[in-house]
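Below are my comments on the model, set out as numbered points. Please read them alongside the sequence and the coordinates.

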Amino acid sequence: MANIDAELLFCENTTVAASVTSNVIELGHVGNAVTPLLVNVVLTEAMSVGKVDTIKLQSAPAATFAANVVDEITVSTPASVSQAAPAQLAQFYAPIKYGNKYVRLVMAASAPQGSTLSGGKLTAWLGDAPRFAQ
């Protein structure tokens, strides 16, 4: 069993900006997880102007993310998801480079030309992958 941070929160009600870097979560195990971890990103407060465009999961061997940072996966928020109300922006499995025990998210947002981002709060966490009968 992996040794993982107790809260598993990347961020909680963090204000949307052009670039948001989350807190770091220590996975505590440098091998493959027994159960895949699921990344969840939710817009908990509606955007007034602009939208969250991408969510990138990064890993590194050190909590400082000073060197050997790996961009594990980048997902785009679906165009069909209205960000004018709270919404689930992304949910994906977390592939982690073997040997990297720290992870974080980098989220990018944009506003229409001539406008400034306004509104929006993000909450993101790691969870267990759903289990299906086999």
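1. In this predicted model, Lys-56 and Asp-71 are joined through their side chains in a salt bridge, with an N to O separation of 3.7 Å; the term is used here for a side-chain nitrogen of Lys or Arg within 4 Å of a carboxyl oxygen of Asp or Glu. Because Lys-56 belongs to strand β5 and Asp-71 to strand β6 (residues 70-76), the pair ties together parts that are 15 residues apart in sequence. Lys-56 is partly exposed at a relative accessible area of 23%, and Asp-71 is likewise partly exposed, at 46%; the classes are buried under 20% relative accessible area, exposed over 50% and partly exposed in between, with a 1.4 Å probe and protein chains only.

2. The structure holds 3 salt bridges. Another of them joins Glu-26 to Lys-101, whose closest N and O atoms are 3.3 Å apart. This pair links distant parts of the chain, since Glu-26 sits in strand β3 (residues 25-26) while Lys-101 sits in the loop between β7 and β8, 75 residues apart. Glu-26 counts as partly exposed at 29% relative accessibility, as does Lys-101 at 23%.

3. Asp-53 and Lys-51 also meet through their side chains in a salt bridge, at 3.0 Å from N to O. Lys-51 is partly exposed, with a relative accessibility of 43%. As a general matter, side chains of opposite charge can pair when their charged atoms come close.

4. Turning to the sheet, 4 strands form an open arrangement in the order β1-β9-β4-β7, with antiparallel pairing. Strands are DSSP runs of E of at least two residues, numbered from the N terminus, and two strands pair if DSSP finds at least two bridges between them. The edges are β1 (9-15) and β7 (87-93), each of which pairs on one side only. From one strand to the next the twist averages 15°, where axes are lines fitted to C-alpha atoms and angles run from 0 to 180 degrees between N-to-C directions.

5. How many bridges join β1 to β9? There are 4 bridges between these antiparallel strands, and Leu-9 stands opposite Trp-125 in β9. The pairing of β4 with β9 is antiparallel over 10 bridges, and that of β4 (residues 37-49) with β7 is antiparallel over 6 bridges. Val-42 can be used to follow the order locally, for its bridge partner in β9 is Thr-123, whereas in β7 it stands opposite Gln-88.

6. The largest nonpolar core has 26 residues, of which Phe-10, Val-39, Val-41, Ile-55, Leu-105, Leu-122 and Leu-126 touch the most other members; such a core is a set of buried Ala, Val, Leu, Ile, Met, Phe, Trp, Tyr and Cys residues joined through side-chain atoms within 4.5 Å. Two or more residues come from each of β1, β4, β5 (51-60), β7, β8 (102-110) and β9 (118-128), and β4 gives the most, with 5 residues.

7. Leaving aside neighbours within four places in sequence, Leu-105 is in contact (heavy atoms within 4.5 Å) with residues including Phe-10, Val-39, Val-41, Ile-55, Lys-56 and Ala-124.

8. On conventions, residues are numbered from 1 along each chain as its sequence is written, and side-chain values use heavy atoms, with hydrogens and water left out. Because the model is predicted, local features need pLDDT of at least 70 and side-chain atom pairs count only at pLDDT 80 or more, whereas totals for chains, interfaces and linings use all residues.
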